Amino acid sequence: MSAAGAVEARLAGLGLTLPEVVPPLAAYQPAVVSGAYVYTAGQLPMVEGKLPVTGKVGAEVTAEEAKDLARVCALNALAAVKSVIGDLDRIARVVKVTGFVASASDFTGQPGVLNGASELLGEVLGDKGVHARSAVGVAVLPLDAPVEVEILVELVQG
């Protein structure tokens, strides 16, 4: 196999398909390129245009469900990146992941939830998927989503 398409081949090997880019809910772009970096907007765990579950983590949504939803967010973020660079093999590394968890007032497991996104990026990108991260608990997210993830990706130069 040529180097082109290696990341998407890894996705397929994991039984995953890159989804269509989730359309913006407001006045923004799903991803933008600035110099050697791609910044994604916050990605909700949309599957075929819908949220599979809504509510607060630690109340209506379990931490394990939310971790799976964070994986979906990361997959949607990769789709947003591909939409502006054309080929995921252009990723040099994931620099930063920021995740937001709509949390019940006593829920403190945000890092575990965001491991869903971090682990997916590692599985798909290997060492290029190792990143810095923030996991933030919030009162509510758009559309009552349990999780939202944004990523910052550095591109291969040349």
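Contact here means heavy atoms within 4.5 Å. Keep that cut-off in mind for this predicted model, because it sits behind the way helices are said to lie on strands. With it in hand, look at α2: this helix lies across β1, β2, β3 and β5, and runs at about 40° to β5. The other helix to find is α3, which lies across β3, β4 and β5 at about 145° to β4.

Now for the sheet underneath. It's an open one with 5 strands, and reading across gives the order β1-β2-β5-β3-β4, with mixed pairing. What stands at the edges? That would be β1 (31-34) and β4; each has a single partner strand, so one side of each has no neighbour in the sheet. Neighbouring strands are turned against each other by 15° on average, ignoring direction.

Let's walk through the pairings. Strand β2 (residues 37-40) runs antiparallel to β5, and 3 bridges join the two. Tyr37 is a handy marker here, since you'll find it opposite Glu154 in β5. On to β3: this strand is joined to β5 by 9 bridges, and the two run antiparallel. Thr98 shows the register, as its bridge partner in β5 is Glu150. β3 also pairs with strand β4 (residues 132-138), this time in the parallel sense, over 7 bridges. There, Ala102 has Val138 in β4 as its bridge partner. To get from β3 to β4 the chain goes through α3, and this β-α-β crossover is right-handed. If you want the general picture behind these pairings, strands of a sheet pair through backbone hydrogen bonds, either parallel or antiparallel.

Next, the packing. The largest nonpolar core has 38 residues, and Leu78, Val113 and Ile151 have the most contacts inside it. Which elements give two or more residues to this core? They are α1 (6-13), α2 (63-85), β3 (91-102), α3 (110-125) and β5 (147-155). Of these, α2 gives the most, with 12 residues. Another core, of 7 residues, lies apart from it and includes Val22, Met46, Leu51 and Ala145.

Ile151 is a good place to zoom in. Setting aside neighbours within four places in sequence, Ile151 is in contact with Val38, Tyr39, Thr40, Ala77, Leu78, Val81, Lys96, Val97 and Leu121. Leu78 on that list is another of the residues with the most contacts inside the largest core.

Two loop residues make a nice contrast. Is Gln43, in the loop between β2 and α2, buried or exposed? Gln43 counts as buried because its relative accessibility is 3%, and the cut-off for buried is under 20%. Again leaving out neighbours within four places in sequence, its contacts are Val22, Pro30, Cys73, Asn76, Ala77, Ala80, Val147, Glu148 and Val149. Asp127, in the loop between α3 and β4, goes the other way: at 72% relative accessibility it counts as exposed, since exposed means over 50%. Asp127 and Ala92 are 35 residues apart in sequence, while their C-alpha atoms are 9.7 Å apart in space.

Finally, the annotation. An unreviewed UniProt entry places the feature "domain: Endoribonuclease L-PSP/chorismate mutase-like" at residues 8-154. In this model, that span is 31% helix and 24% strand, and its end C-alpha atoms lie 18 Å apart.

Conventions. Residues numbered from 1 in each chain as written. Predicted model: local features only at pLDDT ≥ 70, side-chain atom pairs only at ≥ 80, totals over all residues. Heavy atoms only, no water. Core = buried A, V, L, I, M, F, W, Y, C linked by side-chain atoms within 4.5 Å. Buried < 20%, exposed > 50% of the residue type's maximum accessible area, 1.4 Å probe, protein only. Helix = DSSP H or I, 4+ residues; strand = E, 2+ residues; numbered from the N terminus. Pairing = 2+ DSSP bridges. Right-handed = clockwise from strand over helix to strand, strands pointing away. UniProt positions renumbered as here; feature names shortened; annotations may be inferred. Axes fitted to C-alpha atoms, helices over the stretch in contact; angles between N-to-C directions.
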